[in-house]
Amino acid sequence: QVQLVESGGGLVQAGGSLRLSCAASGRYFFSYALGWFRQAPGKEREFVSSISQGGGRLYYADSGKGRFTISRDDAKNTVYLQMNSLKPEDTAVYFCAAPPYGRSLSFPTDLSDFTSWGQGTQVTVSS
(Lines give C-alpha, C1' and ligand atoms only; values in the text may rest on other atoms or scores of the structure.)
Protein backbone atom coordinates (compact mmCIF):
# COMPACT_ATOMS: atom_id res chain seq x y z
CA GLN A 1 0.00 0.00 0.00
CA VAL A 2 1.26 3.46 -0.84
CA GLN A 3 0.46 6.75 0.79
CA LEU A 4 -0.04 9.60 -1.64
CA VAL A 5 0.24 13.36 -1.16
CA GLU A 6 -0.70 15.79 -3.92
CA SER A 7 0.58 19.34 -4.32
CA GLY A 8 0.78 22.06 -6.93
CA GLY A 9 -2.82 23.15 -7.16
CA GLY A 10 -3.86 26.77 -7.09
CA LEU A 11 -5.70 29.59 -8.79
CA VAL A 12 -4.81 30.29 -12.40
CA GLN A 13 -6.36 32.27 -15.23
CA ALA A 14 -7.81 30.53 -18.24
CA GLY A 15 -5.03 29.64 -20.66
CA GLY A 16 -2.51 29.24 -17.87
CA SER A 17 -0.62 26.19 -16.67
CA LEU A 18 -0.10 24.21 -13.51
CA ARG A 19 1.98 21.19 -12.67
CA LEU A 20 0.57 18.86 -10.09
CA SER A 21 2.81 16.51 -8.16
CA CYS A 22 1.96 13.41 -6.21
CA ALA A 23 4.60 12.10 -3.82
CA ALA A 24 4.32 8.54 -2.64
CA SER A 25 5.66 6.80 0.41
CA GLY A 26 5.87 3.06 0.71
CA ARG A 27 7.78 0.43 -1.11
CA TYR A 28 7.83 -0.62 -4.72
CA PHE A 29 6.53 2.66 -6.16
CA PHE A 30 7.92 1.60 -9.53
CA SER A 31 5.54 -1.37 -9.63
CA TYR A 32 2.36 0.70 -9.48
CA ALA A 33 0.31 2.14 -12.27
CA LEU A 34 -0.79 5.59 -11.14
CA GLY A 35 -3.74 7.72 -12.00
CA TRP A 36 -5.06 11.25 -11.73
CA PHE A 37 -8.74 11.86 -11.16
CA ARG A 38 -10.75 15.00 -10.47
CA GLN A 39 -13.99 15.95 -8.84
CA ALA A 40 -15.82 19.18 -9.49
CA PRO A 41 -18.49 20.48 -7.09
CA GLY A 42 -21.71 18.53 -7.48
CA LYS A 43 -20.16 16.08 -9.91
CA GLU A 44 -18.81 12.57 -9.68
CA ARG A 45 -15.11 11.87 -9.55
CA GLU A 46 -13.79 11.28 -13.05
CA PHE A 47 -10.69 9.91 -14.74
CA VAL A 48 -8.14 12.42 -16.00
CA SER A 49 -4.98 10.51 -16.85
CA SER A 50 -2.92 7.48 -15.88
CA ILE A 51 0.49 5.98 -16.46
CA SER A 52 1.58 2.37 -16.47
CA GLN A 53 4.38 0.78 -14.49
CA GLY A 54 7.55 1.96 -16.15
CA GLY A 55 5.78 4.84 -17.87
CA GLY A 56 5.51 3.18 -21.25
CA ARG A 57 1.77 3.57 -21.60
CA LEU A 58 -0.11 6.80 -21.04
CA TYR A 59 -3.86 7.30 -20.92
CA TYR A 60 -5.89 10.48 -21.10
CA ALA A 61 -9.52 11.41 -20.89
CA ASP A 62 -10.72 13.24 -23.97
CA SER A 63 -11.05 16.40 -21.91
CA GLY A 64 -7.30 16.59 -21.37
CA LYS A 65 -5.85 15.21 -24.58
CA GLY A 66 -3.39 17.63 -26.11
CA ARG A 67 -3.33 19.78 -22.99
CA PHE A 68 -2.32 17.47 -20.13
CA THR A 69 0.82 15.37 -19.82
CA ILE A 70 1.38 12.71 -17.20
CA SER A 71 4.85 11.54 -16.22
CA ARG A 72 6.58 9.73 -13.41
CA ASP A 73 9.96 9.79 -11.74
CA ASP A 74 10.42 6.50 -9.96
CA ALA A 75 13.69 7.67 -8.39
CA LYS A 76 11.69 10.38 -6.61
CA ASN A 77 8.56 8.29 -6.01
CA THR A 78 6.57 11.02 -7.72
CA VAL A 79 4.02 11.26 -10.48
CA TYR A 80 3.26 14.55 -12.23
CA LEU A 81 0.42 16.06 -14.20
CA GLN A 82 1.39 18.99 -16.38
CA MET A 83 -1.74 20.93 -17.32
CA ASN A 84 -1.58 23.56 -20.04
CA SER A 85 -4.21 25.75 -21.68
CA LEU A 86 -6.40 25.42 -18.64
CA LYS A 87 -10.10 26.12 -18.92
CA PRO A 88 -12.66 27.09 -16.28
CA GLU A 89 -14.20 23.63 -16.68
CA ASP A 90 -10.96 22.12 -15.40
CA THR A 91 -11.78 23.55 -11.98
CA ALA A 92 -11.91 20.64 -9.54
CA VAL A 93 -10.12 18.87 -6.75
CA TYR A 94 -7.47 16.66 -8.33
CA PHE A 95 -6.56 13.34 -6.75
CA CYS A 96 -3.82 10.88 -7.48
CA ALA A 97 -4.45 7.21 -6.91
CA ALA A 98 -2.86 3.79 -7.04
CA PRO A 99 -4.29 0.29 -7.38
CA PRO A 100 -3.61 -2.45 -4.83
CA TYR A 101 -0.02 -3.63 -4.72
CA GLY A 102 0.66 -6.30 -7.29
CA ARG A 103 -2.45 -5.63 -9.33
CA SER A 104 -1.70 -5.20 -12.99
CA LEU A 105 -4.18 -3.08 -14.91
CA SER A 106 -4.45 -3.40 -18.66
CA PHE A 107 -6.27 -0.10 -18.93
CA PRO A 108 -5.84 1.87 -15.70
CA THR A 109 -8.73 4.26 -16.26
CA ASP A 110 -11.50 2.86 -14.06
CA LEU A 111 -11.88 4.62 -10.73
CA SER A 112 -12.96 1.40 -9.05
CA ASP A 113 -9.55 -0.19 -9.75
CA PHE A 114 -7.78 2.34 -7.54
CA THR A 115 -7.74 1.84 -3.80
CA SER A 116 -5.11 4.25 -2.45
CA TRP A 117 -5.96 7.93 -2.73
CA GLY A 118 -4.36 11.19 -1.78
CA GLN A 119 -6.21 13.99 -0.05
CA GLY A 120 -6.51 16.03 -3.24
CA THR A 121 -5.34 19.44 -4.39
CA GLN A 122 -7.66 22.22 -5.50
CA VAL A 123 -7.32 23.62 -9.01
CA THR A 124 -9.34 26.73 -9.80
CA VAL A 125 -9.32 28.26 -13.26
CA SER A 126 -10.79 31.72 -13.57
CA SER A 127 -12.27 33.03 -16.80
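Which side chain does a polar contact of 2.9 Å join to that of Asp90? In this predicted model, the partner is Arg38, whose side chain lies 2.9 Å from that of Asp90 in a polar contact. The surroundings of this pair are described below, after the strands that frame the structure.

An open sheet of four strands is present, arranged in the order E1-E3-E8-E7 with antiparallel pairing. Its edges are formed by strand E1 (3-7) and strand E7 (68-73), each of which pairs on one side only. From one strand to the next, the twist averages 15°. Strands in a sheet are held to one another through backbone hydrogen bonds, in either a parallel or an antiparallel arrangement. At the E1 edge, the pairing with strand E3 (residues 18-25) is antiparallel and extends over five bridges. Within this pairing, Ser7 has Ser21 of E3 as its bridge partner.

A further set of pairings involves strand E5 (residues 46-51). Antiparallel pairing over five bridges connects strand E4 (residues 34-39) with E5, and Phe37 is matched there with Phe47 of E5 as its bridge partner. The hairpin of E4 and E5 has six residues between the strands, and Gly42 in this hairpin adopts a positive phi near 75°. E5 also pairs in the antiparallel sense with strand E6 (residues 58-60), in this case over three bridges. Here the bridge partner of Ile51 is Leu58 in E6. The hairpin that E5 and E6 form has six residues between the two strands, with Gly54 in the turn showing a positive phi of about 85°. Of the six residues of E5, five are buried, and the strand is therefore largely enclosed by the rest of the structure.

Asp90 is located in the loop between strand E8 (78-83) and strand E9 (92-98). With buried defined as under 20% relative accessible area, Asp90 falls into this class because its relative accessibility is 1%. When residues up to four places away in sequence are not counted, Asp90 touches Arg38, Arg67, Phe68, Ser85, Val123 and Val125. Among these contacts, Arg38 is the residue whose side chain is joined to that of Asp90 by the polar contact of 2.9 Å. Arg38 falls within the range of E4 (residues 34-39), and Phe68, another residue touched by Asp90, falls within the range of the edge strand E7 (68-73). The loop residue Asp90 thus has contacts that include residues of both E4 and E7.

Notes: Residues are numbered from 1 along each chain as its sequence is written. This is a predicted model: local features need pLDDT of at least 70, side-chain atom pairs count only at pLDDT 80 or more; totals for chains, interfaces and linings use all residues. Side-chain values use heavy atoms; hydrogens and water are left out. Two strands pair if DSSP finds at least two bridges between them. Axes are lines fitted to C-alpha atoms, for helices over the stretch in contact, and angles run from 0 to 180 degrees between N-to-C directions. Buried means under 20% relative accessible area, exposed over 50%, partly exposed in between (1.4 Å probe, protein chains only). A polar contact is a pair of N or O atoms within 3.5 Å; within protein, one must be able to donate a hydrogen and the other to accept it, and residues adjacent in sequence count only if both atoms are side-chain atoms. Contact means heavy atoms within 4.5 Å.
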